[in-house]
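Subject: Structure handover

Dear colleague,

I am passing on the structure that we talked about, together with some notes on what was found in it. Please have it open beside this message while you read.

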Amino acid sequence: GVQVVTLGETMALVAATTTGAFTVGAPARISFGGAETNVAIGLSRLGHSAAWIGRLGADPLGFLVKDALRAEGIDVSRVRVDSDVATGLMLREHRTADRVRVSYYRRGLAGSRLTPADIDTELIQRAGLLHVSGITSALSESARAAVHTAVEAARSAGVLVSFDFNYRAALWSAREAAAEFESLVAQADIVFAGEEEAAMVVGEGSVDEVTKALVALGPRQVVLKRGGEGAYAVIDGETATSPALKVSLIDPVGAGDAFVAGYLSALLDDLGPAERLRRGNVCGAFAVSVSGDWEGLPRRSELATMDGTENVAR
Ligand code: ATP
């Protein structure tokens with residue numbers, strides 16, 4: 001068995017390596033990304049065993065994703081590779097020095113074909129933790145049903161459920177998302193949200209008010225990710241905060257997933273609230289100061305390098 005199971009959509013990525021709109025011959029980097037596999041990679045690098053359930057196309061990009069996840073030590077034995085549908089794709093242009101534009105090619109493609117039959121409930125029930133994000137429920141009816149199959153399997157076996165809102169405005173309306181998020185918050189033990197995401201479910205309020213309003217829906221651990229402000233949480237009834245680390249911002253994408261990986265890693269290590277938030281912030285700091293969604297995620301032996309004040313480690 002594995003310690004952590006996660007599921008969702010992971011897409012290939014073509015990212016421009018120079019500034020400006022895509023043109024013929026423009027240089028680009030091929031990679032991949034998905035919120036849940038970012039979390040799985042983070043956990044795997046920190047020494048935890050993780051499995052990802054999802055669908056890919058039987059095409060060069062699908063094989064690229066599966067091979068890379070396997071290389072990161074993730075259990076991909078439950079990944080289904082479809083021969084009749086393509087792997088999703090993201091194009092990332094550095095449109096100007098300050099503006100990134102991402103175009104998605106995902107509708108109806110492999111990731112959205114996830115169904116309840118893809119969910120290995122026994123794998124989940126033998127694990128310590130299930131992690132889901134709000135993106136999957138937006139992909140299709142069957143993907144939403146798959147999320148609920150996984151969550152119900154975990155709950156019925158007493159396996160911890162972790163839920164990250166990850167609201168994507170391009171995929172569904174705030175109203176539709178809020179109803180689904182409320183249902184998932186109520187079934188989760190650990191919830192991650194940004195301030196605006198939390199307000200979608202519980203209404204506007206101070207950081208403390210929205211956090212406690214989420215706790216009132218059921219989860220014992222609610223963590224607000226606050227970018228450069230770090231994190232604010234109510235854990236087992238106690239408030240905890242932890243400041244972000246001071247680093248140079250290179251690429252903010254993936255910071256939230258890195259934070260989740262760090263937090264869950266510390267939880268799996270039986271560390272207390274302060275250490276969970278701290279490891280989340282350390283992983284977030286690694287993510288924002290390296291380009292790529294997950295490439296900068298630290299290995300366990302590297303965690304301490306962020307604590308040092310020296311710029312060069314020998
Ligand atoms: P994403 O863009 O991946 O969806 P998010 O909105 O879920 O991110 P953020 O709150 O932006 O998450 O960032 C997550 C964590 O990353 C923060 O809690 C913090 O630990 C770290 N982080 C983000 N921005 C910075 C920054 N400028 N400096 C240091 N750490 C940061």
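The notes below go through the two sheets, then a pair of helices, and at the end one single residue.

Please keep in mind throughout that this is a predicted model.

The sheets

As background, the strands of a sheet pair through backbone hydrogen bonds, and they may do so in a parallel or an antiparallel way. One open sheet in this model is built from eight strands, which follow the order S4-S1-S9-S10-S11-S12-S13-S14 with mixed pairing. Strand S4 (50-53) and S14 stand at its edges, and because each has a single partner strand, one side of each is left without a neighbour in the sheet. On average, and with direction ignored, neighbouring strands of this sheet are turned by 15 degrees against each other.

At one end of that order, strand S1 (residues 4-7) runs parallel to S4 and is joined to it by four bridges, and if you look for Val-5 you will find that its bridge partner in S4 is Ala-51. At the other end, strand S13 (residues 231-235) and strand S14 (residues 238-242) run antiparallel and are joined by five bridges, with Ala-231 standing opposite Ser-242 in S14. S13 and S14 form a hairpin that has two residues between them, and Asp-236, which lies in the turn, has a positive phi of about 50 degrees. Helix H8 also packs on this sheet, where it touches S11, strand S12 (221-225), S13 and S14, and its direction makes about 40 degrees with that of S13.

There is also an open sheet of four strands, again with mixed pairing, in the order S3-S2-S7-S8. Its edge strands are strand S3 (28-33) and strand S8 (100-105), each of which pairs on one side only. Neighbouring strands here are turned by 20 degrees against each other on average, direction ignored. Strand S2 (residues 11-19) runs antiparallel to S3, and six bridges join the two; in one of these pairs, Met-11 has Gly-33 in S3 as its bridge partner. Helix H2 (residues 60-71) packs on the sheet and touches S2, S3 and strand S7 (89-94), while its direction makes about 65 degrees with that of S3.

Helices H5 and H6

Helix H6 (residues 174-187) has 14 residues, so at 1.5 Å a residue it should span 20 Å, and this agrees with its end C-alpha atoms, which are 20 Å apart. Several residues of H6 are buried, including Ala-177, Phe-181, Leu-184 and Val-185, and what covers the buried residues includes helix H5 (141-156), strand S10 (160-164) and helix H7 (195-202).

The axes of H5 and H6 come within 11 Å and cross at roughly 15 degrees, which means that H5 is roughly parallel to H6. The crossing in which H5 passes H6 is left-handed. Where the two helices meet, the residues on the H5 side include Val-147, His-148 and Val-151, and those on the H6 side include Glu-180, Ser-183 and Leu-184.

One residue in H5

Is Ala-153, which lies in helix H5, buried or exposed? Its relative accessibility is 6%, and because buried means under 20%, Ala-153 counts as buried. Leaving out residues up to four places away in sequence, Ala-153 touches Thr-121 and Gln-125. Ala-153 and Leu-130 are 23 residues apart in sequence, and their C-alpha atoms are 9.6 Å apart in space.

With best wishes

How values were computed:
Residues numbered from 1 in each chain as written. Predicted model: local features only at pLDDT ≥ 70, side-chain atom pairs only at ≥ 80, totals over all residues. Heavy atoms only, no water. Pairing = 2+ DSSP bridges. Expected span 1.5 Å × (residues − 1). Buried < 20%, exposed > 50% of the residue type's maximum accessible area, 1.4 Å probe, protein only. Contact = heavy atoms within 4.5 Å. Axes fitted to C-alpha atoms, helices over the stretch in contact; angles between N-to-C directions. Parallel < 35°, antiparallel > 145°, perpendicular 65-115°, else oblique. Left-handed = near helix turned anticlockwise from the far one by under 90°.
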